[in-house]
Amino acid sequence: MNNLRQCALIPALLVTALLAGCAAGLPASKRICSSPEASPWTLLGELRWPHDLLFAGTTVGGISAIDYDRASGLYYLASDDRSTHDPARLYTARIRYDATGLHTVSLQQRITLLSARQQPFAPGKNPEPGVATPDAEALRVLPDGQSLLWSSEGDFARGFGPQLIQSGMDGQWLREWPLPPGHALSSAKGEGPRNNFTLEGMALSEDGQTLWTAMEAPLQQDGPMPAPGKTGGPIRITAYDVATQQPVRQLAYVPDALPSNLWIQRRALNGVSEILADRPDHLLVLERSFAPPLRFGARIYRISTRPDINTLNTPQLHSDKREALSKTLVLDLADAGLQSVDNIEGMSWGPPLPDGRRVLLLVSDNNFNPAEVTQFVALRQEAGSCAAGL
C-alpha cells in the first residue's frame with residue numbers, strides 16, 4: 001500500500017498528526033544541478049494530503065498558491081474552489097522542516113474571502129448578480145503586513161474577466177488593482193485572455209516595491225498555445241509599482257513546447273503556473289505541463305528582470321522578436337526524486353536553515369480530484385560550486 005492510500009485511511013480531523021504521518025519519507029540525498037547558473041538542490045521531503053481532508057468545516061483542496069508571512073511565521077494557502085464545495089477561502093498553516101527533512105504542515109485557520117459587498121462569494125451554480133465567481137490562483141502577502149493580493153482567473157461564462165483583489169488578512173475585500181492593457185475580457189474575436197489561462201502567477205520583489213504578475217498562457221493576439229514541438233506565443237509578465245498599484249513594465253516569456261512524441265495530444269498543455277522573486281534582479285518561473293491521462297510535469301526556470309524591455313503597451317507580441325527573454329533551467333521536478341510530480345501550482349521561499357541555506361517550498365492543486373494529490377515539496381539550495389549566477 002503506497003503512502004497516499006495509507007494517508008487516506010487516517011481520520012481527517014486529526015490534521016496535524018495526519019500531516020506528520022503522511023510524509024513520503026524520502027531521504028535527503030537527491031542532488032540536482034541542472035545548469036551552470038543553478039546551485040545543487042537537495043530534496044528535504046514530500047508531504048501528501050488525502051483527497052477527503054476536512055478542516056474547519058471545509059474540504060481542503062485546490063491549493064493553488066502559497067506564501068510565507070515573516071511577521072507571523074504563518075503560510076497563507078489559496079484554494080481555487082469556486083465556492084463549489086465551500087465558500088471561496090484561504091488557509092493559514094505552519095510548516096516545520098529542518099536539515100533532516102520536511103516534517104509537518106499543520107493547518108491553523110480558515111479565512112473566508114469576501115466580495116466587494118463584504119459577503120462570502122456565492123457558488124457558481126447560484127451566483128450573486130453583478131459579482132464574479134472567483135477562481136483564486138495566485139497570492140502574496142503585501143509589504144504592509146496588513147493585507148494580501150490575490151488573483152482570480154475570471155468568470156468568463158458570465159462576462160467577468162480576471163481580477164487582482166487586495167484583501168485584509170481576515171479576508172475582507174479592500175480594493176481591486178487595475179489590469180495591464182489587453183488583460184481584460186474582450187468582445188473582439190481573437191483578442192484578450194483565454195478562458196482559464198489568465199493571472200496564474202505572482203511575485204513580490206525583495207524590497208517590497210515591485211509586484212509581478214504572470215499570465216498562464218499567451219493572450220489570443222500574441223499567438224497560439226504551446227503544441228507538440230512548437231513553443232507557441234509569449235506570455236506577459238507584468239511589474240506593478242506597489243505604492244501606486246499601477247502596472248509600469250512588462251516582460252515577454254516563452255514557455256517550452258510540448259513533447260513531440262505525445263501519444264494523446266488533445267488537452268495537453270504547458271504554461272506558467274507561478275513566479276517567485278529570486279534575489280533583486282531575477283524571477284523563478286514555474287512551468288507546469290499536463291498530458292492525459294493525468295501526467296503532470298513541472299520545470300523551474302530563472303530569468304533576469306534587468307533587460308531594458310517593456311512590452312506593456314505593445315498590442316501584439318511575437319515569439320520570434322527580440323522582446324522574448326532568455327531563460328535558464330534551474331530544476332526539472334522529474335529529476336528531484338519525488339514519489340511523483342503532481343499539479344504543482346504554488347511556490348514560496350521559507351525561512352532559511354540555521355546555516356543560511358535557502359528552502360524552496362512547492363504545493364500542488366489536486367483539483368478536488370481523487371486521482372490527484374495535494375503535495376508539499378521542500379527543496380534545500382546548496383552553496384555549490386555551480387552557483388556562479390546567484
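The paragraphs below lead through a predicted model, beginning with its nonpolar cores and passing on to a sheet, several salt bridges and two single residues.

A good place to start is the interior. In soluble globular proteins, nonpolar side chains tend to be buried together. In this model the largest nonpolar core has 29 residues, and those with the most contacts inside it are Leu211, Trp212, Ile237 and Ile275. Two or more residues of this core come from each of several strands, namely E13 (199-204), E14 (210-215), E15 (235-241), E16 (246-253), E17 (269-277), E18 (282-291) and E19 (295-304). A second core, separate from this one, has 24 residues and includes Tyr75, Ile95, Val359 and Phe376.

The surroundings of isoleucine 237 give a closer view of the larger core, since this residue is among those with the most contacts inside it. Leaving out residues up to four places away in sequence, isoleucine 237 touches Trp212, Thr213 and Ala214, then Arg249, Gln250, Leu251 and Tyr253, and further along the chain Ile275, Leu283, Val285 and Ile303.

Some of the strands that contribute to this core also take part in a sheet. Strands E17, E18, E19 and E20 form an open sheet of 4 strands in that order, with antiparallel pairing. E17 and E20 stand at the edges and have a single partner strand each, so one side of each is left without a neighbour in the sheet. From one strand to the next, the twist averages 25°. Within the sheet, E18 and E19 pair in the antiparallel sense over 10 bridges, and alanine 291 has arginine 295, in E19, as its bridge partner.

Charged side chains add another set of links, for the structure holds 22 salt bridges. In one of them aspartate 222 is joined to arginine 236, with the closest N and O atoms 2.6 Å apart. Aspartate 222 lies in the loop between E14 and E15, whereas arginine 236 lies in strand E15, so the pair ties together parts that are 14 residues apart in sequence. Buried means under 20% relative accessible area, and on that basis aspartate 222, at 3%, counts as buried, as does arginine 236, at 2%.

Another salt bridge, with an N to O distance of 2.7 Å, joins the side chains of lysine 327 and aspartate 256. This pair links distant parts of the chain, with lysine 327 in the loop between E19 and strand E20 (328-332) and aspartate 256 in the loop between E16 and E17, 71 residues apart. Lysine 327 counts as partly exposed at 26% relative accessibility, while aspartate 256 is buried at 17%. Both residues also belong to a network of salt bridges in which Asp256, Glu287, Arg299, Lys327 and Asp332 are linked.

Elsewhere in the chain, the side chains of arginine 357 and glutamate 382 meet in a salt bridge at 2.8 Å, N to O. Arginine 357 sits in the loop between strand E21 (344-350) and strand E22 (359-364), and glutamate 382 in the segment after strand E23 (374-381), so the pair ties together parts that are 25 residues apart in sequence. Arginine 357 is partly exposed, with a relative accessible area of 22%, whereas glutamate 382 counts as buried at 10%.

Arginine 357 leads on to alanine 99, which touches it together with Leu44, Leu353 and Arg380, when residues up to four places away in sequence are not counted. Alanine 99 is placed in the loop between strand E7 (89-98) and strand E8 (101-112), and with a relative accessible area of 37% this residue is partly exposed. The C-alpha atoms of alanine 99 and aspartate 355 are separated by 9.2 Å, although these residues are 256 residues apart along the chain.

The last stop is glutamine 375, which lies in strand E23 and counts as buried, at 0% relative accessibility. The side chain of glutamine 375 is joined to that of glutamate 46 by a polar contact of 2.7 Å, and the side chain of glutamine 375 also reaches the backbone nitrogen of aspartate 342 at 3.1 Å. When its neighbours within four places in sequence are left aside, glutamine 375 is in contact with Glu46, Leu47 and Arg48, with Leu338, Ser340, Val341, Asp342 and Ile344, and with Leu362, Val363 and Ser364.

Technical notes. Residues are numbered from 1 along each chain as its sequence is written. This is a predicted model: local features need pLDDT of at least 70, side-chain atom pairs count only at pLDDT 80 or more; totals for chains, interfaces and linings use all residues. Side-chain values use heavy atoms; hydrogens and water are left out. A nonpolar core is a set of buried Ala, Val, Leu, Ile, Met, Phe, Trp, Tyr and Cys residues joined through side-chain atoms within 4.5 Å. Buried means under 20% relative accessible area, exposed over 50%, partly exposed in between (1.4 Å probe, protein chains only). Contact means heavy atoms within 4.5 Å. A salt bridge is a side-chain nitrogen of Lys or Arg within 4 Å of a carboxyl oxygen of Asp or Glu. A polar contact is a pair of N or O atoms within 3.5 Å; within protein, one must be able to donate a hydrogen and the other to accept it, and residues adjacent in sequence count only if both atoms are side-chain atoms. Two strands pair if DSSP finds at least two bridges between them. Axes are lines fitted to C-alpha atoms, for helices over the stretch in contact, and angles run from 0 to 180 degrees between N-to-C directions.
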